[in-house]
Structure formats: structure tokens, C-alpha cells
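Reader: I have a structure open on my screen and would like to talk it through with someone. Could you help me?

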Amino acid sequence: MIKQTDELQSVFNSVIDEYKVCVNKIAKKYNLYVGQTEILFLLDEKSGRSQKELANELGVSKATVGVSLRRMELAGLVYRITDLRDARCIRVSLTEKGMDICNQCKEAYKEIYSSMFGALNDKKRQETYEVLG
């Protein structure tokens, strides 16, 4: 039993490592850092989030998000606007370019998932979901 557990852990670690390599390639292709793709996805899901909201969603500091947002703003991917109800709050949204890059990243992620899970039939996918979900 211990040998099977060790082998399963090894396989699982290999899958995680390969996933990280793929995600890094996607980010690099679009001149992004990995965390920036997550920011794109969050802003695509709900535009006008604050820096604090993004930091909470990502589990990182506001300062970390601030650095990424500055880089993304310089790259023309996001823009900031002062909240009309609270001048202390800055809202962040995707630009047209940001939306385009976001959609391309989403497609690339779909390809990763397809290659990872494409060989599984519906039953095996459901079992995998139940184990990992």
C-alpha cells in the first residue's frame, strides 16, 4: 500500500509540474507573469473590481496586486477608474487588448485541460472530479 501511495504521489507531482510548465508558457507567450493571467480571468468574470478585492481573491497582498496592475496598465491590458461613490477606491477593468489576450489565454488553458483529461470518459471525469473536487 505504501508503494502505491508513493507512486501515486510521484504521478500527481509530475502532473502538477507539467501543468505549471504549460501555464508558464502561456503567460510568457503573451508577455505576462503567471499571476497576471489570473487577474485577467477575474476581471473578465467581473469588471470593476478593486485592488483589495483582487488581492483577496488571489490570496496575495494588495502591494503584489499593485505591482502586477501597474505592469498590466503599462502594457495596455487594464485601466483604472475612481469609484464614483467612494473616491478612495480605484476600480480596475480590462481594456479591449486585455479582453483579447484574456480570451486567447482561456483558449490555451482549454487546450491544457483537454490534453490532461481528454482521454477520460465521462464516468472517469466524474470520478476524478469527486476525488479532487
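Author: Happy to; what follows is a set of questions and answers about this predicted model.

Reader: Let's begin with Q36. Is Q36 buried or exposed?

Author: Q36 sits in helix α2, which covers residues 34-45. Buried means under 20% relative accessible area. The value for Q36 is 2%, so Q36 counts as buried.

Reader: Which residue offers its backbone oxygen to the side chain of Q36?

Author: Leaving aside residues up to four places away in sequence, Q36 touches N31, S68, R71 and M72. One of these contacts pairs a polar atom of the Q36 side chain with a backbone oxygen at 3.5 Å, and that oxygen belongs to S68.

Reader: Now the sheet, please. Which strands stand at its edges?

Author: The sheet is open and has 3 strands in the order β1-β3-β2, with antiparallel pairing. Two of the strands have a single partner strand each, so one side of each is left without a neighbour in the sheet. These edge strands are β1 (49-50) and β2 (78-82).

Reader: What is the bridge partner of R49 in β3?

Author: Strand β3 takes in residues 90-94 and pairs with β1 in the antiparallel sense over 2 bridges. In β3, the residue bridged to R49 is V92.

Reader: R49 also forms a salt bridge with E45. How far apart are the closest N and O atoms?

Author: The two residues have opposite settings: E45 is exposed at 63% relative accessible area, whereas R49 is buried at 5%. Between E45 and R49, the closest N and O atoms of the salt bridge are 3.0 Å apart.

Reader: Which residue forms a salt bridge with D86?

Author: D86 is partly exposed, with 27% relative accessibility. Its partner is exposed, at 75%. The closest N and O atoms of this salt bridge are 3.0 Å apart, and the partner is R88.

Reader: Which residues do shared salt-bridge partners join into one network?

Author: A search of the whole structure finds 9 salt bridges, among them the one that links R91 and D83. The network is built from salt bridges that share partners, and its members are E45, R49 and E57.

Reader: One last topic, the surface. What is the area of the nonpolar patch made by V11, V15, Y113 and M116?

Author: Helices α1 (2-29) and α5 (96-117) each supply at least two residues of this patch. V11, for one, lies in α1. Together, V11, V15, Y113 and M116 make a nonpolar surface patch of about 320 Å².

Note on methods
Residues numbered from 1 in each chain as written. Predicted model: local features only at pLDDT ≥ 70, side-chain atom pairs only at ≥ 80, totals over all residues. Heavy atoms only, no water. Helix = DSSP H or I, 4+ residues; strand = E, 2+ residues; numbered from the N terminus. Buried < 20%, exposed > 50% of the residue type's maximum accessible area, 1.4 Å probe, protein only. Polar contact = N/O pair within 3.5 Å; in protein donor to acceptor, adjacent residues only side chain to side chain. Contact = heavy atoms within 4.5 Å. Patch = residues over 30% accessible without salt bridge, like charges linked within 9 Å, V, L, I, M, F, W, Y side chains within 5 Å. Areas by Shrake-Rupley, 256 points an atom, 1.4 Å probe, with all protein chains shown as cover. Salt bridge = Lys/Arg side-chain N within 4 Å of Asp/Glu carboxyl O. Pairing = 2+ DSSP bridges.
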